[in-house]
Amino acid sequence: MPTRQRRGESAWAAPLMRSASAGAAFRPNRLLKQMLVLGLGFATSGLAAAAIAQTPAAPAASPVAQSGPPSPATPRETPRSGAAKPGDPLAAIDWLATPAPDAGLPGTVLLEPPVAGSARRPEVTVTPLASLVAPIGLVKPASTGLPVDLWRGSNAEALATLLASVPVRKSPAMQSLMFTLLLSETRPPVEGGERLLLARLDRLMDLGAPDPAQALAEQAGPTRSKARFKRWFDATLLTGDEQQACSALQDRPHLAPDYASRIFCAARLGDWPTAALLLEAAHALDLVDSRQLDLLDRFLNPDVFEDAPPLRAPKSPDPLTFRLYETIGERRPTSNLPRAFAAADLRDIAGWKAQLEAAERLTRIGALNPNHLLGLYTERSPAASGGIWDRVAALQRFETALETGSAEAVSKTLPKVWRAMQTAQIETAFADLFADQLARIPLDGQAANLAWRIRLLAPTYETASHSPPPSQGRSAFVAAVAQGVPTQELARNGVEQAIAAAFAADSAAPRKLQRLLDNGQLGESILRAMQLFAQGADGNLGDLTDALATFRAVGLEDTARRAALQLLLLDHR
């Protein structure tokens, strides 16, 4: 760039100017002379050529002044262009002495060869600015089924508000859809793309998923703005990967969210003198809150505070404060903290009970793979009884019964483990884990009815719907929903009637959402439909019909069916 070139030139010229201004004797050596000639020659070449061209020709020498008579036998030689004559001063560069062409042009005009008349004009391609923005996401559109321009045409601020406010706690289907929207590889709007990215990161943290938030921030470039780095740094503190974030902060201190993070990272990277110096500066200049200063003091000087009483625990710590308490050996429980902190309990440094409770909490919101929960449940034998230990024991006995293949053993253990899963509100995770195995066990009676309903909560719900147990209660309507053909004749209450209306042949998205779809605002229409579903699940049956009809209109048939099935089968919600 031109700026860098000017800086490079001044780098060697400035010392010479300072020496001259100070009155110092300036005697450049031969190498420096050559550098000056080469450096200044390019700048003065045009002036030199012009001066040579305008110099009048020297008058012919008088015969009297000649040292001897001319020799007619010797032909007159024409001097070569640029060749030095006897007595002329030597030029450092040959072409400085070459006369300029006598074309009557100013010295700034470039004398280029003529352009060929047969040259083709370059082809101009018009590309929308939106298509030049790189898509951001962890899951390819081919896997999610959502287009890369999902957010096209919508206002970024409105999208950010929807992402932050759409409730998904009561519906596992809505949780899954929200994670799909957040993690799908999509192109941000031309205007407000940064706002939308930050909203995606914030909602992932709110849902208790710091690992995906960290990965999404890393893909987008966490050091491109201070706001991105803040979210990335908080996520790494909870996942235990703060080493790379601290290394980035060391190279770019201006990204630091606060002064305490610089002190922590300096110590985390082993630079204890810098950390101590920053801490003293924070003390002297009052740059950090007094409580956090006390915490940092104990972090940097554990031997001094070895016998000191524990610090008072804050009610709402940020990730850095939480991590500092953990580092000084005063780890705080995460049960009363935001969900993202529960991810910190999944590490090996937490006890088994804390890991189990955190896993159940994250599974309840859809932020944890059910296989991770199963691994923790079966890691060892229960240490006590009551509460979570009863759930662990019930699941272990049920899994043992499944392995034996005994229908009698499964029939005895299934009701108890199902009640335990209902208490923890992780029924869909249990269904995902064991639905296929239950389908292979020949059960009868109440156990068969229960196993069938569990299978309807799994991804293979449609297969299960074709082999229902003897009709009892809502079995016929539930099976019809799983197949996508519920009718008003089968509906027995208002909720079922609202669901049947959404699956009718003439159902369509409501007018306000259809306008968004007509404008290509697919992502916003899905978010607003999710809002309607939450209101419908709370009793507004018209919104329930509109939400399910919208999901089906945009191709989210599986989401519509699973959401309806969960609404019917998970009564406690």
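**Exercise 1. Find what Glu 326 touches beyond its sequence neighbours within four places, and say where it sits.**

Start with the contacts: once neighbours within four places in sequence are set aside, Glu 326 touches Arg 331, Arg 347 and Ile 349. Contact here means heavy atoms within 4.5 Å.

Next, place the residue: Glu 326 belongs to helix H13, residues 319-327. Helices are DSSP runs of H or I with at least four residues, strands are E runs of at least two, and both are numbered from the N terminus.

Now the exposure. Glu 326 counts as buried because its relative accessibility is 12%. The cut-offs are under 20% relative accessible area for buried, over 50% for exposed, and partly exposed in between, using a 1.4 Å probe and protein chains only.

Last, the side chain: Glu 326 and Arg 323 are joined by a side-chain polar contact of 2.9 Å. A polar contact is a pair of N or O atoms within 3.5 Å; within protein, one must be able to donate a hydrogen and the other to accept it, and residues adjacent in sequence count only if both atoms are side-chain atoms.

A word on the model: it is predicted, so local features need pLDDT of at least 70 and side-chain atom pairs pLDDT 80 or more, while totals for chains, interfaces and linings use all residues. Residues are numbered from 1 along each chain as its sequence is written, and side-chain values use heavy atoms, leaving out hydrogens and water.

**Exercise 2. Work out how H8 packs on H13.**

Take the geometry: helix H8 (residues 226-239) packs on H13 at about 30°, with the axes 9 Å apart. So H8 is roughly parallel to H13. Angles under 35 degrees count as roughly parallel, over 145 as roughly antiparallel, 65 to 115 as roughly perpendicular and the rest as oblique. The axes are lines fitted to C-alpha atoms, for helices over the stretch in contact, and angles run from 0 to 180 degrees between N-to-C directions.

Then list the residues: Asp 234, Thr 236, Leu 237 and Leu 238 of H8 meet Pro 319, Leu 320, Phe 322 and Arg 323 of H13. By type, the residues of this contact are five nonpolar, one polar and two charged.

**Exercise 3. Do the packing job again for H23 and H26.**

Helix H23 (residues 494-502) and helix H26 (residues 541-553) pack at about 30°, axes 8 Å apart. That makes H23 roughly parallel to H26.

On the H23 side, the contact residues include Val 495, Ala 498 and Ile 499; on the H26 side, they include Leu 544, Leu 548 and Arg 552. The tally for this contact is nine nonpolar, two polar and one charged.

**Exercise 4. Is Ser 261 buried or exposed, and what is around it?**

Ser 261 lies in helix H10, residues 259-268. With 1% relative accessibility, Ser 261 counts as buried. Beyond its neighbours within four places in sequence, Ser 261 contacts Phe 233, Leu 249, Ala 256 and Leu 320.

**Exercise 5. How many residues of H22 are buried, and what covers them?**

Helix H22 (residues 475-483) has seven of its nine residues buried. Among them are Phe 477, Val 478 and Val 481. The cover includes helix H20 (445-456), helix H21 (461-465), H23 and helix H27 (557-569). Just after H22 comes Gly 484, with a positive phi near 80°.

For the wider setting, the chain has 27 helices and zero strands, and buried residues make up 40% of its 573 residues.

Key. Ala, Val, Leu, Ile, Met, Phe, Trp, Tyr, Cys and Pro count as nonpolar, Asp, Glu, Lys and Arg as charged, and the others, Gly among them, as polar.
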